[in-house]
Amino acid sequence: MILDSLFGHNKSKDEAKRRLTLVLSYERKGLPPNFIERLRDELVDIFSKYPQFDVSRIEVDIRGNDDFEEVWIGIPFKQ
């Protein structure tokens, strides 16, 4: 168990679980497989026009539970 955390196995497992959850969310909502990437790319294009935003750190994710899911978008300001 300790060796797993030292070598990043838990991170790999968590990332695989997150990706599987996204795929299942896409299928339930009828979204294309690359929906999040396309949406993020479009947001980068839009917010690149405004120097106040750090477009390299834009985050897009699907979050929720069995009852609901939502698209979560984080667009940070530059420091």
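This report walks through the fold, the strand pairing, the salt bridges and the surface patches of a predicted model.

## Overall fold

Let us start with the broad layout. The protein chain holds three helices and two strands, and along the sequence these elements follow the pattern α-α-α-β-β. The helical part therefore comes before the strands when the chain is read in order, as the pattern α-α-α-β-β shows. Helix 2 spans residues 9-29, while helix 3 covers residues 35-47. Strand 1 takes up residues 59-64 and strand 2 residues 69-74.

How much of the chain is buried? Of its 79 residues, 22% count as buried. Several residues discussed below belong to that buried share, among them Leu22, Asp54 and Asp61.

## The strand pair

The two strands make a neat place to look next. Strand 1 and strand 2 run antiparallel to each other and pair over six bridges. The connection between them is a hairpin of four residues.

Two facing positions help you find the register on screen. Ile62 sits across from Val71 of strand 2, and Gly64 is opposite Glu69, also in strand 2.

## Salt bridges

A search of the whole structure turns up two salt bridges. As background, side chains of opposite charge can pair when their charged atoms come close.

One of the two joins Asp54 to Arg57, with 3.4 Å between the closest N and O atoms. What is the exposure of each partner here, buried or partly exposed? Asp54 is buried because its relative accessible area is 16%, under the 20% cut-off. Arg57, at 44% relative accessibility, counts as partly exposed.

In the other salt bridge, the side chains of Arg63 and Asp61 meet at 3.7 Å, N to O. Asp61 has a relative accessible area of 17%, so this residue is buried. Arg63 is partly exposed, with a value of 35%. In both bridges, then, a buried Asp is joined to a partly exposed Arg: Asp54 with Arg57, and Asp61 with Arg63.

## Contacts across the sequence

Arg63 deserves a second look. This residue lies in strand 1, and its C-alpha is 8.7 Å from that of Leu22, although the two are 41 residues apart in sequence. Leu22 belongs to helix 2, so the pair links a position in that helix with one in strand 1. Leu22 is buried, because its relative accessible area is 12%, whereas Arg63 is partly exposed at 35%.

Where does Gln79 lie? You will find Gln79 in the segment after strand 2. Gln79 counts as exposed because its relative accessibility reaches 90%, over the 50% cut-off. The C-alpha atoms of Gln79 and Phe53 are separated by 9.0 Å, with their positions 26 residues apart along the chain.

## Surface patches

Which residues form the negative surface patch? Its members are Glu37, Asp41, Glu42 and Asp45. Asp45 is part of helix 3. With a relative accessible area of 53%, Asp45 is exposed, since that value is over 50%.

There is also a nonpolar surface patch, made by Leu20, Val23 and Leu24, with an area of about 250 Å². Leu20 is found in helix 2. That helix also holds Leu22, which is buried at 12% relative accessible area. If you colour the model by residue type, Leu20, Val23 and Leu24 are the residues to pick out for the nonpolar patch, and Glu37, Asp41, Glu42 and Asp45 for the negative one.

Notes
Residues numbered from 1 in each chain as written. Predicted model: local features only at pLDDT ≥ 70, side-chain atom pairs only at ≥ 80, totals over all residues. Heavy atoms only, no water. Patch = residues over 30% accessible without salt bridge, like charges linked within 9 Å, V, L, I, M, F, W, Y side chains within 5 Å. Areas by Shrake-Rupley, 256 points an atom, 1.4 Å probe, with all protein chains shown as cover. Salt bridge = Lys/Arg side-chain N within 4 Å of Asp/Glu carboxyl O. Lys, Arg positive; Asp, Glu negative; His and termini not counted. Charge placed at Lys NZ, Arg CZ, Asp CG, Glu CD. Buried < 20%, exposed > 50% of the residue type's maximum accessible area, 1.4 Å probe, protein only. Pairing = 2+ DSSP bridges.
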